[in-house]
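Please open the model in the viewer and display it as a cartoon with both the backbone and the side chains available. The tour proceeds by selections, each followed by a description of what is found there.

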Amino acid sequence: MNTLVLLKMVPDVVEELEVAADGKSLDTSFLRTIINERDDHALEQALLLKERHGGKVTVVALDAPDIDDTLFAAMAKGADRAVKITDVPEGLTTQTAAKLCAQALAGLLPADLILTGVQALDDLDGLSAAIVAHQLGLPYIGVVTGVTADGPTATVIKEFAGGVRGEFAVTLPAVLGVQAAEKPPRYVPVAKVRAMMKTQKIETVPVAGDVGAATIEVRQLAKPVVSSHAEMLEGSPEEAAAKLVERLAQRGLI
Amino acid sequence: MASNIWVLAETWRGQITETTLELLTLGRELAGQTGGPLEAVLLGDKSLAAPLGAADNVLCAANVAPTPEAVAAALAQLVRERQPQAVLVPWTNLSMDAGALAAAQLNAPFVNGCKDLKSDGGMIVAQCVVYGGKLEAAVAATTAPALFGVLPGSRPAAAAGNAPTVTEVAVSVPEARVKFNRYLEPETGDVDITQKEVLVAVGRGIQQQDNLELAESLAAALGGAVCGSRPVIDQGWLPLSRQVGKSGMSVKPKLYLMLGISGAPEHVEGMKNAQLIVAINTDANAPIFNVAHLGINADLFDVVPALTEKIRAVKGGA
């Protein structure tokens, strides 16, 4: 079971996000980026499959600030190989970025599975996994929370709503958009990541070709204009708690 | 290029979904701006078409399996043949795959997470929720036909009105490489959170599993149950049966008290109809404060013990 895992960096939304002077993009001067959480789950699912069935896991990513740390961390977790796509043009959308990734992934085939997060916080134009699947002519399904490989097909669990899931038989090779791995993503100590940096190499491949123009244009990026805001209960935690208890009592909730 | 506005009718276990009817309301507004008719695309049996009367026409193809691949192939084929200006697709776990695949096949834009759409100078511009609800983007589709993934709750559901006009259309669907086997029903947990009047919801801000005790104590004092947002379920700290949001349950309790939940749209979708929403969060700019009725901008680890104690005191004295 050989798996390619496509990873990408996204802004850490725990931090404050500022809009740049152009009013259309993020101010990147103090931007902290982290691995897309769903991609982290995709990596975990790949590692779980490797533990169960053997094979190799290769992580692939477009060049971005801090991407090396993320790729070394993936190797420290158990990925066998890391490939970084370099000479990445500016102004990519989800669609054009996914097409670039598909070109690089094509050079890394054959593989049984290509896994990536079902979506990312900054996706505006489609879903990467679906675009990659189409570009490579492979089957696709997304919102995946479990994978069992059974020879030429995989049994894949997809989430719907209301806690209902669906079981699908997917012909391999295939591209899956992962919502959550079967287990929480594993933790890796920083020391192990540092050791990887000393002993392992990240391979690089330049972007292969043209992916065409973007089919969307961002005209404005801004904080949401809100029609309502919570009434804030002020004071020390003790005082705020007392105010809340009063409100709950007024409504007969306690 | 026609000015037709299409809505992909989403069917779930033999019924048209509420989100489809919401998209028909939004689609009708948009069709008013583009001057085109509003059409629903039903990839299923025409007996399901009755609720789609708000559309001027229903394009119906019956031979399509309920898999993203089949729905996408059929939708892409119809779009190629008939060239609508815009296709509104429910931005749900059920339909987002098909929309994304169809757009990839058409090399068309698929604008994600739209809460509003309008026609502006011949282009359709979407208001999109990004970065977990922290920002919104106005995004124009620069080519047509374009697909738009529209969030549930964008508009009220359209009334069915008269029986719709149904046009049966033929599509050829490729051999299936993704086959549906069966539904897996939710495991019946210890608690049915959809039936609880009081819910204490925990998010990423709870930090670790041991801290769930704080929420459990608070829920016990309030006579409610604990539920959670996606990160808490992904960590395995609460079972799937306790998840609120897009993939989980939709709840409407009398009180929904949120601890350390930022308010990503996927979560808000499942709880926005609660009668009283209270959020406790350290981030004063967390989007959840735009949804909650009452807010406390503080560390939950400071507030919750005091809150639990005071509730116990009130109840004990009653």
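Begin, in this predicted model, with the six strands that form an open sheet with parallel pairing, in the order S13(A)-S17(B)-S16(B)-S15(B)-S13(B)-S14(B). Strand S13 (231–232) of chain A and strand S14 (225–228) of chain B stand at the edges; each has a single partner strand, so one side of each is left without a neighbour in the sheet.

Next, select residues 276–281 and 294–297 of chain B: these are strands S16 and S17, which pair in the parallel sense over four bridges. Within this pair, B:Asn281 has B:Asn297 in S17(B) as its bridge partner.

Now add the helices that pack on the sheet. Helix H6 (residues 237–250) of chain A touches S13 of chain A as well as S15 (255–259), S16 and S17 of chain B, and its direction makes about 165° with that of S17(B). Helix H4 (residues 212–222) of chain B touches S13 (198–202), S14 and S15 of chain B, its direction making about 170° with that of S13(B).

Turn then to the two domains of chain B, assigned as domain 1 (5–168) and domain 2 (193–317). Their centres, taken over C-alpha atoms, are separated by 33 Å. Between them they bury about 680 Å², 55% of it on carbon and sulfur atoms. On the domain 1 side, B:Asn93, B:Gly132 and B:Lys134 lose the most area to domain 2, together 50% of what that side buries.

Finally, select B:Lys134 and B:Asp283, whose side chains meet in a salt bridge (3.2 Å, N to O). The count between the two domains is one salt bridge.

Technical notes. Residues numbered from 1 in each chain as written. Chains lettered and ligands numbered in written order. Predicted model: local features only at pLDDT ≥ 70, side-chain atom pairs only at ≥ 80, totals over all residues. Heavy atoms only, no water. Pairing = 2+ DSSP bridges. Helix = DSSP H or I, 4+ residues; strand = E, 2+ residues; numbered from the N terminus. Contact = heavy atoms within 4.5 Å. Axes fitted to C-alpha atoms, helices over the stretch in contact; angles between N-to-C directions. Domains from an automatic or database assignment. Buried area = accessible area lost by both parts, 1.4 Å probe. Salt bridge = Lys/Arg side-chain N within 4 Å of Asp/Glu carboxyl O.
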